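Have the sequence and the model side by side. The walk below moves from one helix to its surroundings, then on to charges, cysteines and surface.

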Amino acid sequence: MIDYRFAKTEDTEKILFFIKALADYEKMSDDVVATQDLLKEWIFEKKKAEVIFALENGKEVGFALFFHNFSTFLGRAGLYLEDLFVLPEYRGKGYGKGLLKVLADIAVKRGCGRLEWQCLDWNKPSLDFYLSLGAVPMEDWTLYRLAGNTLKNFSK
């Protein structure tokens, strides 16, 4: 049976597990510096993000981590999906689509104007999946980032 639930503070270890599993899949394990303490602080204490788990018979088999962003053009908040990951052995069973439907429902109920996310260009299975849902890739937009020492140096 498929079910979904919001993460609680005691799920911090599970959240980190899914983040690391996603990083392994994306061949970016060395980039993960998140810890249980950091996740607890930023997700549950500062409430800067939320997590939903996909469950099969009570076992967490996938997760979505998201937060609110804001569109000045729409004049309202949106939901930004930072991470969506389903364990490989549970893919193709509707968990990813279910998580996105839950997020779409949350966005509608909260009055959000959009649900957005990014996908790595090489991840053809995910790109095909998103296109099959009717998602539209944004053309003419390039993501820019300041991070690490560049961010610190710029902030001075």
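Asp37 and Glu45 are exposed on one side of helix 2. The model is a predicted one. Now turn to the other residues of this helix, which spans 36-45. Leu39, Ile43 and Phe44 are buried there. These three lie on the same side of helix 2, because they cover an arc of only 80° around its axis. The general rule is simple: an α-helix has 3.6 residues a turn, so residues three or four places apart point the same way. Asp37 and Glu45 sit on the other side from the buried set.

What do the buried residues of helix 2 pack against? Their partners are helix 1 (12-25), strand 2 (50-56) and strand 3 (59-71). After helix 2 comes Lys47, with a positive phi near 55°.

Thr12 gives a view of these surroundings from helix 1, where it is located. Is Thr12 buried or exposed? Thr12 has a relative accessible area of 5%, so it is buried, the cut-off being under 20%. Neighbours within four places in sequence aside, Thr12 contacts Gln36, Leu39, Lys40 and Phe44. Two of those names, Leu39 and Phe44, also appear among the buried residues of helix 2.

Next, the charges. How many salt bridges does a search of the whole structure find? The search finds nine. One of them joins Lys14 to Asp11, with the closest N and O atoms 3.5 Å apart. Asp11 is buried, at a relative accessible area of 2%. Lys14 is partly exposed, at 34%. This pair belongs to a network of salt bridges that links Arg5, Asp11, Lys14 and Glu60.

Another salt bridge pairs Glu41 with Lys46. Here the closest N and O atoms are 3.0 Å apart. Glu41 is partly exposed, with a relative accessible area of 27%. Lys46 is partly exposed too, with 38%.

Helix 4 (residues 124-132) holds a further pair, Asp128 and Lys124. Their side chains meet in a salt bridge, 2.9 Å from N to O. The two are four residues apart in the helix, so about one helical turn separates them. Lys124 counts as exposed because its relative accessibility is 52%, and the cut-off for exposed is over 50%. Asp128 has a relative accessible area of 36%, so it is partly exposed.

Now the cysteines. How many disulfides does the structure hold? The count is zero. In general, a disulfide is a covalent bond between the sulfur atoms of two cysteines. Cys112 counts as buried, at 12% relative accessibility. Cys119 is partly exposed, with a relative accessible area of 25%.

Finish at the surface. Which residues form a nonpolar patch there? They are Leu146, Leu151 and Phe154. Together they have about 320 Å² of accessible area. Leu151 belongs to helix 5, which covers residues 148-154. Leu151 counts as partly exposed because its relative accessibility is 42%. Patch members need over 30% relative accessible area and no salt bridge.

Conventions:
Residues numbered from 1 in each chain as written. Predicted model: local features only at pLDDT ≥ 70, side-chain atom pairs only at ≥ 80, totals over all residues. Heavy atoms only, no water. Patch = residues over 30% accessible without salt bridge, like charges linked within 9 Å, V, L, I, M, F, W, Y side chains within 5 Å. Areas by Shrake-Rupley, 256 points an atom, 1.4 Å probe, with all protein chains shown as cover. Salt bridge = Lys/Arg side-chain N within 4 Å of Asp/Glu carboxyl O. Buried < 20%, exposed > 50% of the residue type's maximum accessible area, 1.4 Å probe, protein only. Disulfide = S-S within 2.5 Å. Arc of directions from axis to C-beta. Contact = heavy atoms within 4.5 Å.
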